[in-house]
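Dear colleague,

I am handing over the structure we spoke about, and it is shown just below. Please have it open while you read the notes that come after it.

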Amino acid sequence: FPEDQLLLLKSNTFRTTQYASGIQTVLPYQYAKEQSQQALEEQLNHETGDRRLDGSDLLETAAAYKDIAALVMERDERRRRWKEVEGVLPKISGPSIKIGRAATTEELLNDVKRWGIWPGDTELMTVEQGVVLAAVSAKEKKQSIFPWMQDSNSEEMVVVGKWIATPLFDE
């Protein structure tokens, strides 16, 4: 990067009450997304999956393709819903969710690696993995409705990396 390059760190931060509320909201989306992916993988498994996909009967194979397409559409819809809430709600990192059993909020709140007291504060907080953004000159001039309002010094933010903060002390 050039010496005068502007870099910004962006991340979600949560206090314990906000985090618990966010987890209660995101867990059903996370579980549904994982469950639909597992259902699709089970149907596509060569050993134990849908035998109609073998192609021995043309009509049965076509019906199986239709069923698989429905599973893919369901999985994609659940992923889309999860993506809508993913950016603003807490992320559940690691193997916190298992298919068939969702992690409890207490388990996530008791994860000592996640929580710390930040300078100037007395309540536990968590800072999630964030992104590093670089301000770069926009390559294209954006057309506006009013030509006299064009911004010749426009910049856009580009993701150039990731960062994570870990609390060093818990008191």
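What follows is a description of the fold, its strand pairings and one pocket.

Please keep in mind that this is a predicted model, and that every value below was computed from it. The protein has three helices and six strands, and, read from the N terminus, these elements run β-β-α-α-α-β-β-β-β. Of the contacts with a separation of 6 or more, 71% are accounted for by residues 24 or more positions apart. Of the 171 residues, 24% count as buried, while the accessible surface of the protein comes to about 12,400 Å², with 55% of that area belonging to carbon and sulfur atoms.

Turning to the strands, it may help to recall that strands of a sheet pair through backbone hydrogen bonds, in either a parallel or an antiparallel sense. Strand 5, which covers residues 130–137, pairs in the antiparallel sense with strand 1 (residues 7–10) over four bridges, and Leu8 stands opposite Leu133 of strand 5. Strand 5 also pairs with strand 6 (residues 155–163), again in the antiparallel sense, this time over eight bridges, and here Val136 stands opposite Glu156 of strand 6.

A further group of three strands forms an open sheet in the order 2-4-3, with antiparallel pairing. Strand 2 (13–15) and strand 3 (116–117) stand at the edges of this sheet, each with a single partner strand, and therefore one side of each is left without a neighbour in the sheet. The pairing between strand 3 and strand 4 (residues 124–127) extends over two bridges and is antiparallel, and within it Gly116 has Met125 of strand 4 as its bridge partner.

You may also wish to look at the second largest pocket, which has a volume of about 180 Å³. Which residues line the second largest pocket? They are Lys10, Ser11, Asn12, Gly87, Lys91, Glu128, Gln129, Gly130, Val131 and Lys162. Sorted by class, this lining has one nonpolar, five polar and four charged residues. Several of these positions can be placed on the strands described above: Lys10 lines the pocket and lies within strand 1, residues 7–10, Gly130 and Val131 are also in the lining and belong to strand 5, residues 130–137, and Lys162, another lining residue, falls within strand 6, residues 155–163.

With best wishes

Conventions
Residues numbered from 1 in each chain as written. Predicted model: local features only at pLDDT ≥ 70, side-chain atom pairs only at ≥ 80, totals over all residues. Heavy atoms only, no water. Buried < 20%, exposed > 50% of the residue type's maximum accessible area, 1.4 Å probe, protein only. Contact = heavy atoms within 4.5 Å. Areas by Shrake-Rupley, 256 points an atom, 1.4 Å probe, with all protein chains shown as cover. 1 Å grid on protein atoms, 1.4 Å probe; cavity = no way out; pocket = protein on both sides within 12 Å on 5 of 7 lines; lining within 4 Å. Points joined across faces, edges and corners; volume = space filled by probe spheres on them. Nonpolar A, V, L, I, M, F, W, Y, C, P; charged D, E, K, R; others polar. Pairing = 2+ DSSP bridges.
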